[in-house]
Amino acid sequence: MHLHKYEKIWLAFGIISLIVFLSVVGVSAFHQGNTPSGGHMTIDPNKVRETAPFDQTGLHERSDGTYEMVIISQAFGYDAGDWKVPVGKEITFTLTSEDVTHSFSIVGTNVNMMAIPGQVNHKKHTFKEPGKYLIICNEYCGSGHHFMSAEIEVVES
Amino acid sequence: MNQSMNLPNDRRLPLANTAVAYAAFLIGTLCGLLQVFIRNDALTLPGWLDYYQILTAHGLLLAIVFTTFFIFAFFQAGTSKALGQFGPRVILWNWIGFWITLLGTLLVVVMVVSGQASVLYTFYAPLQAHGLFYVGLALFVIGTWVQGFALIGHYVKWRRANKGQLSPLFAFMTVATIILWVIACLGVVATVLFQFIPWAFGWTDGINVELSRSLFWYFGHPLVYFWLLPAYMAWYVVVPKLIGGKVFSDSLARLSFVLFILFSIPVGFHHQLTEPGIASFWKFLQTVLTFMVIIPSLMTAFSLFATFETRGRQLGGKGLFGWITKLPWKDVRFTSILIAMLFFIPGGAGGIINASFQMNELVHNTLWVVGHFHITVGTPVAMTFFGLTFWFIPYLTGRQFTKNLQRLAFLQIFTWSIGMLLMSTAQHMLGLLGAPRRTAYTGYAHEDALAWFEGVLSNHVIMAVGGSILFLSALLLIYIVIQLWWFAPVSDQESKMTFPMAESDVSGTPALLENWKVWIGIAFVLIALAYTIPLSEIIQHAPPGSGRFQTW
Ligand code: HEM
Ligand SMILES: [Cu+2]
Ligand SMILES: [Cu+2]
C-alpha cells in the first residue's frame with residue numbers, strides 16, 4: 001500500500017495532535033479531578049424517599065466544611081430544600097430521579113447532570129459569584145418538561 | 001403513459017425505497033418548521049397536538065426513515081450496477097425486507113401520531129410508549145437486515161464467481177456499511193426485544209434503565225456512521241467520476257472504511273458522559289477510542305481533496321489554488337456534494353468538542369448539540385443525498401434532469417446552505433448560553449433565559465428564520481423529485497445508464513483488506529474490551545427495575 005509523502009505528513013500531524021490532545025484531557029480528568037458528573041451507587045427507584053441520603057433533601061454541611069446538596073427530581077420539578085447555598089464553598093450535588101429520566105443543569109456553570117432512575121449522580125461545584133442561578137431540566141421528561149426549572153441562590157456565608 | 005410500470009425490477013426496488021425516503025423527508029421537515037416557531041413562541045399548537053409528539057416524528061422521520069430508505073435505494077441501485085443484475089432471489093428478498101421495514105415504519109408512525117409514543121427517537125426508559133411502537137422498531141431493524149443480507153448474498157455470489165479478485169470499490173463499501181449496521185443494531189435489538197417489549201406489554205414489571213441506555217448508545221453512535229458511510233461512498237466513488245477523475249487510492253479508501261467499522265462501535269459511552277453508573281475509566285477509554293475515528297476521517301479528507309487537485313491540474317489549473325477554478329462548479333451534482341463536504345469541516349470539529357470528556361458538560365443536551373447534528377447528518381449527509389437524487393432518480397426513471405431543473409437545484413442547495421448556516425449557528429451559540437434542546441417554549445423567568453431571545457445571532461428568532469428558509473428549500477427539493485419522477489421529458493437510453501462510478505485501481509491493494517473475518521473479529525475484540533466489564537457491572541449492580549411512566 002502506497003502513501004503519498006504529503007499524506008504521511010498530514011496523518012503524522014493528525015496523530016500527534018491526537019496524542020497531545022488526549023493527554024491533556026486525560027491529565028485534566030484524572031490528575032486534576034475534572035471528570036464529568038458520575039457515581040456508582042444505585043437506589044431503589046420506588047423507594048427514593050425512604051433511602052438515605054434522599055430521606056433528607058436539601059443542603060447539609062459536612063464535618064470538613066464542604067457541603068452536600070441532596071436533590072430528588074420528579075416530573076416536573078425538584079425537591080431540594082430551600083435552594084440557598086454559600087458562595088466559595090465546595091458543594092457536592094447528589095441527585096436521583098423518582099420517576100423518569102431528567103437532568104439538573106445550572107445555566108452558566110459546568111453542572112450538567114443526568115438524573116437516572118435507580119442511579120445516584122454526583123458533581124462537585126464551587127460557586128465563585130453570589131447571585132441567582134437558573135436551573136433547568138434539559139432531558140425530555142414529559143409534557144411539562146419545559147416547565148421544569150428552579151432557581152438557586154448563592155449567598156455570602 | 002406511466003413509465004415506471006414497465007421498469008425492470010431492480011429499478012423499481014430502489015425507486016420504492018426512494019419514495020418512502022422523500023415522503024418521510026417532507027413530513028419530517030414540516031415538523032422541523034413547526035418546532036422552530038414553537039420554540040420562538042410564535043406558534044401555539046392545538047390541544048390535540050404536542051411539541052414532543054412532533055419532535056419525536058421529526059427525529060424518527062428524518063434521522064431514521066429518510067436516511068435508511070435512501071441508503072438502501074442507493075445500495076441496491078449501486079450494487080446491481082457494480083456487480084451485475086440481481087437474480088430473482090436477491091430481488092425477492094430485497095422486496096421482502098423492504099416491506100418489513102415499511103411495515104415497521106408505519107407501525108411506529110401510527111403510534112406516534114395517535115399520541116401513544118411521544119418518547120422521542122431515543123425512547124429512553126422508563127418513559128413507556130405503546131408496546132406496538134417497540135414492535136415497529138424491531139420490524140424496522142429486521143427489515144433492513146433482510147435487505148442487507150440479500151445484498152450480501154449478491155456480493156458473495158460475485159466473490160465466488162471471481163475467485164481471488166477484489167470486489168469493485170462500491171460493492172466493498174456497501175458490504176462494509178451493512179456489516180457496521182448489523183453489528184450496531186445488535187444493541188438496540190437486544191434492548192428492544194429483551195427489555196422494552198416484555199416490559200411495555202406488562203410481562204415484566206421493571207426495566208434496568210441504565211442498561212437500556214447503554215445498549216441504545218452502543219447502537220446510537222455507529223448509527224451516525226451508518227448515515228455517513230454512504231455519503232462517503234458518494235464522495236469516494238461518485239464525485240471523482242463526476243469531475244472526470246479517478247479514485248485517489250483504492251487501498252486507502254478501503255482501509256478507511258475498515259477503520260470506521262472498528263472505531264465507530266465501541267464508543268457509545270461518549271453520549272453518556274454526564275450520567276452515573278459507568279466508571280470514569282470506561283468513559284475515558286471510550287473517549288480515546290472515539291478519537292481514533294479522526295484517523296480515517298483525515299485520510300478521507302486528504303483523498304478527496306487530492307482527487308480534486310489532481311483533476312484540476314489535469315485540466316490545466318496552475319499555481320497553488322488555480323486548480324480550484326477548473327472544477328465543474330456549474331454541475332450541481334458536484335457542487336451540492338462539495339458544499340456538503342465543507343459543512344462537515346465545522347461539523348467534525350464540533351464532534352471533537354462534544355466527545356471531549358469533561359468538555360461535554362458544557363454542551364450536553366443543549367441546543368449546541370442540535371446545531372451539531374444539523375451540520376453533520378442534516379447537511380453533509382442530507383445534502384449529499386440531495387446531490388445524488390439529482391441524477392439517481394433520472395437514472396431510475398429514465399427522465400431528464402433538464403436545464404430548468406438544474407437551475408432550481410442550485411437554488412435548492414443554496415437556500416438549504418443559507419438556512420442551515422443561520423439555524424445551526426444560532427443553535428450552537430444558544431447552546432453555549434445554556435439553552436436546552438428538546439424543550440418547547442418557556443419563559444423561564446431569569447435573565448440568562450431572556451438572553452436567548454435577544455442576541456444578534458444567538459437568538460431563537462434567527463433559528464426560526466433559518467428554519468423557514470430550510471423548509472422552503474425542502475419543498476423545492478420535493479418539487480424537483482416529483483418532476484424527475486413523473487414529468488421531466490423522457491431521455492434517450494444513454495442517460496438511463498449513467499450511475500457515475502469512478503475507476504479505482506486495485507493493483508496495489510492488499511487482499512487482506514477484503515478479508516471480512518479478520519475485521520469483524522477485531523471489531524468484536526474491541527467491543528468486548530470496551531463494553532464487557534462496564535455492562536456486567538451495570539447488570540450485576542442493577543437497582544430494582546423502574547416501572548412504566550407516561551408523562552406526556
Ligand atoms: C426544514 C429543515 C429542518 C428544520 C427547520 C429542523 C429543525 C430542528 C429543530 C429546531 C430541532 C430541535 C428541537 C428541540 O430540541 O427542541 C431539531 C431536532 C432534530 N433534527 Fe432537525 N431540522 C431540519 C432538518 C433536519 C434534517 C434534514 C435532519 C436529519 C437528516 C434532522 C434531524 C434532527 C434530529 C435527529 C433532531 C433531534 C430530535 C430529538 O432531539 O429527539 N433535522 N430539528
Ligand atoms: Cu425534563
Ligand atoms: Cu456519538
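Mentor: In this predicted model, a residue is called buried when its relative accessible area is under 20%, exposed when over 50%, and partly exposed in between.

Trainee: Which label, buried or exposed, goes to His221(B) and His270(B)?

Mentor: Buried, for His221(B) and for His270(B). By definition their relative accessible areas are therefore under 20%.

Trainee: Why is Ala12(A) called partly exposed?

Mentor: The relative accessible area of Ala12(A) is 36%. Buried would need under 20% and exposed over 50%, so the value falls in between and the label is partly exposed. Ala12(A) belongs to helix 1 (residues 5-30) of chain A.

Trainee: What does UniProt list for residues 9-30 of chain A, and how much of the span is helix?

Mentor: The unreviewed UniProt entry lists a "transmembrane region" there. In the model the span is 100% helix and 0% strand, and its end C-alpha atoms lie 31 Å apart. The annotation may be inferred rather than shown by experiment.

Trainee: What makes His221(B), His270(B) and His271(B) donors of the copper ion (ligand 3)?

Mentor: A donor here is an N, O or S atom within 2.8 Å of the metal. The atoms are ND1 of His221(B), NE2 of His270(B) and NE2 of His271(B), at 1.8 to 2.0 Å from the copper ion, so they meet the cut-off. Their spacing in sequence is H-x48-H-H. His221(B) sits in helix 6 (residues 209-242) of chain B and His270(B) in the loop between helix 7 (250-263) and helix 8 (280-292), so this pair ties together parts 49 residues apart in sequence.

Trainee: How do you know that Tyr51(B) makes a polar contact with ligand 1?

Mentor: A polar contact is a pair of N or O atoms within 3.5 Å. A polar side-chain atom of Tyr51(B) is 2.5 Å from an oxygen atom of ligand 1, so the pair qualifies. The side chain of His374(B) has an N or O atom 2.7 Å from a nitrogen atom of the ligand, and that of Arg437(B) has one 2.8 Å from an oxygen atom of ligand 1.

Trainee: How do the residues of the shell around ligand 1 divide?

Mentor: Into 15 nonpolar, 8 polar and 3 charged.

Trainee: Why are strand 1 and strand 2 of chain A said to pair?

Mentor: Pairing requires at least two bridges. Strand 1 (residues 58-61) and strand 2 (residues 67-74) of chain A have 4, in the antiparallel sense, so they pair. One bridge joins Leu59(A) to Met69(A). The two strands form a hairpin with 5 residues between them, and Gly65(A) in the turn has a positive phi of about 85°.

Conventions
Residues are numbered from 1 along each chain as its sequence is written. Chains are lettered from A and ligands numbered from 1 in the order in which they are written. This is a predicted model: local features need pLDDT of at least 70, side-chain atom pairs count only at pLDDT 80 or more; totals for chains, interfaces and linings use all residues. Side-chain values use heavy atoms; hydrogens and water are left out. Donors are N, O and S atoms within 2.8 Å of the metal (3.2 Å for Na, K and Ca); water is not among the atoms, so sites may look incomplete. Buried means under 20% relative accessible area, exposed over 50%, partly exposed in between (1.4 Å probe, protein chains only). A polar contact is a pair of N or O atoms within 3.5 Å; within protein, one must be able to donate a hydrogen and the other to accept it, and residues adjacent in sequence count only if both atoms are side-chain atoms. Ala, Val, Leu, Ile, Met, Phe, Trp, Tyr, Cys and Pro count as nonpolar, Asp, Glu, Lys and Arg as charged, and the others, Gly among them, as polar.
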